[in-house]
Each structure stands twice: as C-alpha cells, then as structure tokens.
Amino acid sequence: KKLQEAELGFTYDDLLLAPNESWIEAKDVDTRTRVSTNHELNIPIISAAMDTVSESELAIALAHEGGMAVLHRNMTLEMEVEELKKVKSSGELTIRNVVTTTADSSLSTVKDIMEEERINGLPVIQGKKLIGIITKRDIVPFLNNGSNKAVKDIMTSDVVTVKESISPIEALDIAYENKIERLPVVRGDELVGIITIKDILQQKENPNAIKDKNGKLLVAAASGPFDLERAVALDEAGADIIAVDCAHAHNMRVVEFVSTLKDNIDADLIVGNIATGEAAEALIKQGVDGIKVGIGPGSMCTTRIIAGVGVPQLTAISKVADVASNYDVPVIADGGLRYSGDIAKAIGAGADVVMLGNLLAGTYESPGDVVVMNGRKYKQYRGMGSMGAMTGGFSGGADRYFQEIKGHMKHSKLVPEGVEGVVPYKGTINEVIFQLVGGLKASMGYSGAKDIKKMQELANFVRITSSGIKESHPHDLLITNESPNYPTL
Ligand code: RVP
C-alpha cells in the first residue's frame, strides 16, 4: 500500500516551462524579489553558506549585482564577524578609517606610508582638525634631491572638503570640477573620513547594488541550529539576516529553538533546509522570516544516496511554496541548479529566491586558488558535510549534519553526506550573474511574466521524458566553441 501511495516527485530535468502568450520582452522584466520578511533583493540569487563559496569578497561582489551572500560558518565566531564587517564597511562611500599625517612629518615618512598602505594621498591633521592634504604627485619632485622639506612646506592648505551628507553624484561633480581624486569629509573643521573618485566610480558601476537602510551592502550570515551565541554576535555586528543552516530543519529540536533565536535577534531569521509542506508549517508557526528548501539536490551532496532521503527539488519547492504563500513567507530554493533555466523553473514552482553553490563556486571571488589540470583552470568545491569540511576548518560542517567532533576522534567515525572536488573556473561574479540573470529574463519573456510574482503565477510546466531531455540539450554536433552559459566539464 505504501508503495502504491508513493507520490511522483519531479526535479529540474523532469519539466520544462511551456511558452505563454507574451506582451513582455526580456529587457523589460523586473527581477526584484523578497528574500525574507523585511528584505528585498534586486535579483533572486543568493550564495550558499559554504566554505568554498561565501566569504566577504564574494559577498561584496554579489551584493553589487543586487543579490546576497550567506557567509559560511566553518570558521570561528570572531572570524565570521570579521568577514561580516568587511562586507558592511565596503559599501560605504566615506572611508572612516583614514590614514593621515601631520604637518611636521618628513616627506620620506609620507612616501613610506603611501607605499605601505597603497594610497596616493594623505590628509594632514592637527589633533582632529584638517589642515591640508598631500599627494604622491606633490612629493615626487623632492624625494631624490636631498631636500629636507616637511609636509607643511608643500601640502595644499586650501583643501576642497565635503560634508557627510553628500551624495555620490555631488561628490563626483566636485571632484571633477576641482580636478582632484580624493575629498576629505569634515564635520565643522574636523576630519571624519575621505571619499575617493575610485570608490564613487565603483558605486556608479553598480546601480543594481543591494543595500540596507544605512547604505551598506546587504549580507546574511550562517549560524548553527543551536548556536545562540553566534547568532547574537552576528546580529550585533550588523547581519541583515541570520540563516540557520542545518541539513534537517524539521528536526523538532531545531524547530523549537527558532523562537529562542527570534527572541534574541533583531535581524530576520531564515531557517532550512526542509522539503515538505508540514515542515514549512512547523517553521512558519515559530515565526521564521524565510524558509530554505532542499534535501539532497546539491551537486556535491550524497544525502539521498547515503541516507536514501530527499524529495526531488521542484516537487519540494512547490509543496513548501503552497504552504508558505498562505503566510506570505519567502521561499528559497537551495541546491541542484545547473543552468539559468533551472532558476526560472524554481521560481515557476513557487520559489522567491534561489541559493547557488556550484554555479558560484569557481568564480574569481570565491575562496581558494585556481588550480590547473590538463591545461584547464579549476577551483575547489566541497560539501559542508564532506569529510574535508567536517574535519578541516572549524568543523562548522559537522553539526549541520547533527554530528559531533570530539577530541582526537578518528575521521572514520564520521558519516559524510557530501564529497569534495573541483569545478571549472568561471570568471568573475559579474560575468556569471550577467548570464544567469540574462537567462532568467529570457524565460520571463517566454512566459509573459513582467515580474517574479507573475512568473510564479503564469509558469506552465510540461512533463518531459528522457528523450525530451536529450532533445533539450545541444545534440548531433560536436561543440567547437564553449558558450559562457553552457559549460561542458
Ligand atoms: P549546489 O548549488 O547544487 O552545489 O548546492 C548547494 C547546496 O548544497 C548548499 O546551499 C547546501 O544546502 C547543500 N550542501 C552543502 N553541503 C552539502 C553536503 O555536504 N551534503 N550540501
């Protein structure tokens, strides 16, 4: 009876989106979406909380594109807070930690500071008061001619300054007008920071960047299911979202602990992973701000093989979304996505956001070095339940799978649910996201969906067979030029 009642579960390759009548084109669609109760993204993409994917560098790059990273937790609490702070301070137009000099300093000291800090200009201060600015250009003529001039002899005293409230456009105008590269920011005559043209231009290049209410880049940070100390510390350090990262969030101890976490943090709380409507109901009743779906679809995950447990991902997304939409709680489809078309399918099945591991691993900004094998470039990618992640680093992978590392425990006493490997080097986050979002937009054009909500509403799935899959991929030719959005391993 049990077998007769067994439901059919679908995943990405089992279905395609049928095209709809459409009055909308890819270039006109709106990809904004909600990732948690209180936070919107400009693109429906977040990065996996994995130690070969999400640290500050990738978090900054992804937030610039309008998405968000979930910083991994296979590091000490202090290190994770440090990573978080790097993301939060990077979005600021005004650098507040300014390296300065004083009027009586020698030019050679100034040169050394500039070289060490790799900066081309220093504000000159007396106490906290700004009294001048000195640049590399000013000092170069005097460096090799035995001159014993001091900063005060050659600095520019008539400094163009700006107030803290300045906008990037205004700052840029002032910098161009005065042909200068850096603008000291003052409160009265006190120096409080500096704005550089380089930073403004970087901001201008990223009109899609996603920021918090203070203008800092949006970022989430992972915490263990029972790690109150970490969740509170990350919250205090300014995380916008705490993501409870766990392999089975329908474990009732995890569900019950949600309310303790909620009571102690201001940030939104995303919890996962689950794969059923019942689990969604249980978590939503505890007040979660977002739910993450995915038991076993991950590209390096072996849970379905080792434990024999999981739900094919499109069915899991759809079951969770059916419940979550009644409560207006965002759904994140985590794992198993290989192409941009899978993002469209996940959204069509009810997801508000997708979480990517493999597709963002192997980018310039992901942690780790490029390795060359047989003339091709790769970067490491490993499951957080792999032997390497559970025993290396800070064993932040182990409790995700309810496993404990004790003292000198032998590795053979762990049961891994993930593997370690490499993925092809893919270029920058900017290049990768351009292709992924481009594919999603194309799909929205085919579906006649002007935004993500409409995509969820209008998506029409058609079931396909293995011949359908074969027909979908390029066939009957030898690919001679690799396409940026269709990699061959
Ligand atoms: P993928 O994008 O298919 O590579 O999947 C990434 C997801 O896989 C992660 O966000 C996480 O939910 C899951 N994961 C991470 N480690 C492991 C494991 O070791 N089994 N699984």
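Domain bounds come from an automatic or database domain assignment.

**Figure 1. The two domains of the predicted model.** The structure is a predicted model, in which local features need pLDDT of at least 70 and side-chain atom pairs count only at pLDDT 80 or more, while totals for chains, interfaces and linings use all residues. Residues are numbered from 1 along each chain as its sequence is written. The domain assignment gives domain 1 as 2-91 + 209-472, and domain 2 as 107-196. Between the C-alpha centres of domain 1 and domain 2 lies a distance of 44 Å.

**Figure 2. The closed barrel.** In these legends, helices (H or I, at least four residues) and strands (E, at least two) are DSSP runs, numbered from the N terminus. Two strands pair if DSSP finds at least two bridges between them. Strands of a sheet pair through backbone hydrogen bonds, either parallel or antiparallel. A closed barrel of 8 strands follows the order E4-E5-E10-E11-E12-E13-E14-E15, and its pairing is parallel. From one strand to the next, the twist averages 25°; axes are lines fitted to C-alpha atoms, for helices over the stretch in contact, and angles run from 0 to 180 degrees between N-to-C directions. Strand E4 (residues 45-47) is joined to strand E15 (residues 353-356) by 3 bridges in the parallel sense. Within this pair, Ile46 has Met355 of E15 as its bridge partner.

**Figure 3. A cis peptide bond in strand E12.** Most residues other than glycine have a negative phi, and most peptide bonds are trans. The bond from Gly272 to Asn273, however, is cis, with omega near 10°. Asn273 belongs to strand E12 (residues 268-274), and E12 is one of the strands of the closed barrel.

**Figure 4. The open sheet of three strands.** Strands E16-E17-E18, in that order, make an open sheet of 3 strands with antiparallel pairing. Its edge strands, E16 (370-373) and E18 (420-424), each pair on one side only. The twist averages 50° from one strand to the next. E16 and E17 are held in register by 4 bridges, with Val372 opposite Lys377 in E17. These two strands form a hairpin with 2 residues between them, and Asn374 in the turn has a positive phi of about 50°. On the other side, E17 (residues 376-382) pairs with E18 over 5 bridges in the antiparallel sense, and Tyr378 faces Pro424 in E18.

**Figure 5. The surroundings of the ligand.** A residue is near a molecule or strand if its C-beta atom, placed from the backbone, lies within 6 Å of it. By this criterion, 23 residues surround the ligand, and the closest are Gly298, Gly357, Gly383, Gly385 and Gly418. The shell contains 8 nonpolar, 13 polar and 2 charged residues. For this count, Ala, Val, Leu, Ile, Met, Phe, Trp, Tyr, Cys and Pro are nonpolar, Asp, Glu, Lys and Arg are charged, and the others, Gly among them, are polar.

**Figure 6. Helices H3 and H9.** Helix H3 (residues 77-90) packs against helix H9 (residues 228-236) at an angle of about 25°, with their axes 10 Å apart. H3 and H9 are therefore roughly parallel to each other; angles under 35 degrees count as roughly parallel, over 145 as roughly antiparallel, 65 to 115 as roughly perpendicular and the rest as oblique. The crossing of this pair, H3 and H9, is right-handed. A crossing is left-handed if the near helix is turned anticlockwise from the far one by less than a right angle, and right-handed if clockwise.

**Figure 7. Helices H4 and H5.** The axes of helix H4 (residues 107-117) and helix H5 (residues 136-143) are 10 Å apart, and the two helices pack at an angle of about 130°. This angle makes H4 oblique to H5. H4 crosses H5 in a left-handed manner.

**Figure 8. Two hairpins and a loop.** Strand E6 (residues 121-126) pairs with strand E7 (residues 129-135) in the antiparallel sense over 6 bridges, and Gly121 has Thr135 in E7 as its partner. E6 and E7 form a hairpin with 2 residues between them, where Gly127 in the turn has a positive phi of about 65°. Strands E8 and E9 (residues 190-196) run antiparallel and are joined by 6 bridges; Arg182 stands opposite Thr196 in E9. The hairpin of E8 and E9 also has 2 residues between its strands, and Gly188 takes a positive phi near 65°. Lys179 lies in the loop between helix H7 (168-177) and strand E8 (182-187), and has a positive phi of about 50° although it is not a glycine.
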